Amino acid sequence: MSTLQRILYVEDEPDIQAVAKLALEMVGGFTVKVCSSGEEALREAVAFAPDMILLDVMMPGMDGPSTLKALRALPGLAELPVAFMTAKVQPAEVAHYKTLGARDVIAKPFDPMALASQVRAIWEG
Amino acid sequence: MTTNMEAFQALLGGMRADFLAELPERSDSFEGSILTLEKSPGDREAFNELYRGVHSLKGSGGTHGLSIITTICHQLENLLSETEARQEFSTAFATRALAYVDLLRQVEPAARQAQPNFSAIVAELETLHRLRLQRRKAGLIAESSSVMTGLYQKALETLPLQLTVVDDGLTALARLLHEPFDFVIVGRELKELNGLALMIAVRAAKARNQDIPAILVSSKRGSLPDQARFSATLSRDQKLAENLVAVVRTILPA
């Protein structure tokens, strides 16, 4: 693990997907695969071989925490850095997400210009 | 890199314009769901569609730099959560919810101005917020221990309260100086600014909340500075939850 290049991004809201993908690709220079649901992420994650995963918390079907739990059981993903993306960033909520195995939490709404550096900082964390 | 950033900013601008163009359609959809809920309060599908839509718009509005949309949706989302908890999808609910939708409709023309001015929308939002708070009393919990915060929230969950939690004294001070609250629960050993200093600052600021009822929770005994003007001091003991409920009841008007 030397540099952050491949990011799997799980988010159901198309507007936010589009902005985050552009920000991560154009500003951060990352290779990004977007999945619109937890179920899709479970199907795609192993083949994509991400360096890091960004997970929306509130999604229909499998939510972020359920998706994380299932991803952890897949080959090669048990220790992969994961950050949740959510508007619920009260200290107790952030602490809770970390106990679920997230390395950190990115507050929504995020700043598109700063997202890539924020993600990199978490990955290096 | 500069070219990339400029291209990115241009793309963001285009996406924001598309987003604004879709806002009237989203508002129409919300209105339809609200009216459905008024007629059929038990319609889970209508509620879920509305809640999900408002939550999504809250996120995308902020992502496009339109924090006014996030604020409107945040308040509407809270109204939906509270109404669902009490199962009170009445005409009064619909009137209040549609007031937020009307504000959403005002965002698009305002945002398209050369110098967007949302002050009229913000003023109306404050009015709606005040009306909502009149129904539910607003309390601020300033406590650095998540265990204690959980205990307060659990103890007070049956009272008609809207509780906000912060875990350090400086954030608590900022919130108390700028937002309306009906009471505050203060842990003595707060990070950044301890509970006593926090309340002395609030009392001295001659600003919003300077006379707010304040409850101190402390494991220490001893005299307290008069300037802090605590309404009650509670010990961290086995009766804390029970005592807290009793004190909050006496502070709140009937």
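What follows is a short dialogue on reading the sheets, helices and chain contact of this predicted model.

Student: Before we start, what do the numbering and the confidence limits look like?

Tutor: Residues count from 1 along each chain as its sequence is written, chains are lettered from A and ligands numbered from 1 in the order in which they are written. The model is predicted, and local features need pLDDT of at least 70, side-chain atom pairs count only at pLDDT 80 or more, while totals for chains, interfaces and linings use all residues.

Student: Okay, the sheet in chain A. What is its strand order?

Tutor: Elements first: helices (H or I, at least four residues) and strands (E, at least two) are DSSP runs, numbered from the N terminus. Two strands pair if DSSP finds at least two bridges between them. In chain A you get an open sheet of 5 strands, ordered β2-β1-β3-β4-β5, with parallel pairing. At its edges stand β2 and β5 (104–107) of chain A, each with a single partner strand, so one side of each lacks a neighbour in the sheet. On average, neighbouring strands are turned by 20 degrees against each other, direction ignored.

Student: Which residues stand opposite each other around β1(A)?

Tutor: A general hint: in a regular strand the side chains alternate between the two faces of the sheet. Here, β1 (6–10) and β2 (31–35) of chain A pair in the parallel sense over 5 bridges, and A:Leu8 has A:Lys33 in β2(A) as its bridge partner. Between those strands the chain runs through helix α1 (14–27) of chain A, and this β-α-β crossover is right-handed (with the strands pointing away from the viewer, the path from the first strand over the helix to the second runs clockwise). β1(A) also pairs with β3 (52–56) of chain A in the parallel sense, over 4 bridges, where A:Val10 stands opposite A:Leu55.

Student: And which strands do the helices α2(A) and α3(A) touch?

Tutor: Contact is a C-beta test: two residues touch if their C-beta atoms, placed from the backbone, lie within 7 Å. Axes are lines fitted to C-alpha atoms, for helices over the stretch in contact, and angles run from 0 to 180 degrees between N-to-C directions. α2(A) packs on the sheet against β1 and β2 of chain A, its direction making about 170 degrees with that of β1(A). α3(A) touches β1, β3 and β4 (82–86) of chain A, at about 150 degrees to β3(A).

Student: How do those two helices cross each other?

Tutor: The axes of α2 (38–48) and α3 (64–72) of chain A come within 9 Å and cross at roughly 20 degrees. That makes α2(A) roughly parallel to α3(A) (angles under 35 degrees count as roughly parallel, over 145 as roughly antiparallel, 65 to 115 as roughly perpendicular and the rest as oblique). A:Gly38, A:Ala41, A:Leu42 and A:Ala45 in α2(A) meet A:Ser66, A:Thr67, A:Ala70 and A:Leu71 in α3(A). They divide into 5 nonpolar, 3 polar and no charged (Ala, Val, Leu, Ile, Met, Phe, Trp, Tyr, Cys and Pro count as nonpolar, Asp, Glu, Lys and Arg as charged, and the others, Gly among them, as polar).

Student: Last one: how many residues of each chain meet where A and B touch?

Tutor: 21 residues of chain B are in contact with 19 of chain A. On the chain B side, α1 (2–39), α2 (44–63) and α6 (146–156) give two or more residues. That side divides into 8 nonpolar, 10 polar and 3 charged.
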